[in-house]
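Colleague: Hi! Could you walk me through this protein, one piece at a time?

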Amino acid sequence: MADHVNLVKLCVGIDSVDQLARHIKAHGGPTTHHTTRMWPKQEAALLAGGSLYWVIKGSIQARQKIVGLEEVFGADGVRRCAIILDAKLHRTTTAPRRPFQGWRYLKPADAPADLPEGREAEEELPQDLAQTLAEIGVL
């Protein structure tokens with residue numbers, strides 16, 4: 001049984017893994033962050049090896065390792081959680097996901113596998129094709 005848990009989150013405003021990679025690179029540094037309103041209750045399990053899995057155009061397609069959680073305050077004075085992520089983006093096998101708000105926990109057993117070494121550099125399949133193949137269990 002795994003001793004960690006993951007998060008899954010919609011990647012709003014991003015249309016492809018390549019676009020997400022460019023966005024991460026543009027912000028530079030060894031880490032990046034994503035700020036959310038809610039603080040994860042399973043903090044210890046997330047920090048024990050968890051990742052944030054990104055849903056892009058209806059499918060999980062990539063992940064980043066979670067390296068920390070930091071308290072931040074918005075301009076409105078409201079406490080928020082900055083999820084600190086390793087800047088390295090790992091492409092995963094495609095896994096369909098319905099839209100949802102915020103983030104959800106994702107058990108390691110339910111997380112899609114990383115693409116094998118060398119396949120990360122392959123060109124992405126067209127989104128409709130990748131979605132269809134994932135739905136029928138080919139990807």
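Modeller: Happy to! One term to begin with: accessible areas come from the Shrake-Rupley method with a 1.4 Å probe. For this protein chain, the accessible surface comes to about 8300 Å². Please keep in mind that this is a predicted model.

Colleague: Got it. What share of that surface belongs to carbon and sulfur atoms?

Modeller: Carbon and sulfur atoms account for 53% of it.

Colleague: And how many helices and strands are there?

Modeller: The protein chain has 3 helices and 7 strands. Starting at the N terminus, the elements follow the order β-α-β-α-β-β-β-β-β-α.

Colleague: What percentage of the residues is buried?

Modeller: Of the 139 residues in the protein chain, 39% are buried. There is also a number for contacts between residues with a separation of 6 or more: 71% of those join residues 24 or more positions apart.

Colleague: Nice. Which residues have the most contacts inside the largest nonpolar core?

Modeller: That core has 21 residues, and the ones with the most contacts inside it are Leu7, Leu20, Trp54, Ile56, Ile66, Ile83 and Leu89. At least two core residues come from each of α1 (17-26), α2 (43-46), β3, β4 and β5 (79-86). There is a second, separate core too, with 8 residues, including Tyr53, Val55, Ile60 and Leu106.

Colleague: Let's switch to pockets. How much space lies in the largest pocket?

Modeller: About 290 Å³. The pocket is lined by 17 residues, and those closest to its centre are His23, Thr32, His33, His34 and Trp54. You met Trp54 a moment ago, among the residues with the most contacts in the largest nonpolar core.

Colleague: Which element gives the most to that lining?

Modeller: Strand β2, with 4 residues. β1 (6-10), α1 and β2 (31-36) each supply at least two residues of the lining.

Colleague: I clicked on Thr92. Where does Thr92 sit?

Modeller: Thr92 is in strand β6, which covers residues 90-96.

Colleague: Why is Thr92 called buried?

Modeller: Because its relative accessible area is 4%, and buried means under 20%.

Colleague: What is Thr92 in contact with, apart from its neighbours within four places in sequence?

Modeller: Its contacts are Tyr53, Ile60, Gln61, Ala62, Arg63, Pro112, Ala113, Asp114 and Leu115. Take Ala62: Thr92 and Ala62 are 30 residues apart in sequence, yet their C-alpha atoms are 5.0 Å apart in space. A polar atom of the Thr92 side chain lies 3.4 Å from the backbone nitrogen of Ala62.

Colleague: Cool! What about Arg79, is it buried or partly exposed?

Modeller: Arg79 is partly exposed, with a relative accessible area of 42%. Arg79 is found in strand β5.

Colleague: Which residues does Arg79 touch, not counting those up to four places away in sequence?

Modeller: Arg37, Trp39, Glu71, Val72 and Phe73. With Glu71 there is a polar contact of 2.6 Å between the two side chains. As for Thr36, which is 43 residues from Arg79 along the chain, the two C-alpha atoms are separated by 9.5 Å.

Colleague: Last one: what is the phi of Lys57?

Modeller: Lys57 has a positive phi of about 50 degrees, although it is not a glycine. You'll find Lys57 in the loop between β3 (51-56) and β4 (59-73). Lys57 is partly exposed, with a relative accessible area of 48%.

Colleague: Thanks, that helps a lot!

Methods:
Residues numbered from 1 in each chain as written. Predicted model: local features only at pLDDT ≥ 70, side-chain atom pairs only at ≥ 80, totals over all residues. Heavy atoms only, no water. Buried < 20%, exposed > 50% of the residue type's maximum accessible area, 1.4 Å probe, protein only. Contact = heavy atoms within 4.5 Å. Polar contact = N/O pair within 3.5 Å; in protein donor to acceptor, adjacent residues only side chain to side chain. Core = buried A, V, L, I, M, F, W, Y, C linked by side-chain atoms within 4.5 Å. 1 Å grid on protein atoms, 1.4 Å probe; cavity = no way out; pocket = protein on both sides within 12 Å on 5 of 7 lines; lining within 4 Å. Points joined across faces, edges and corners; volume = space filled by probe spheres on them.
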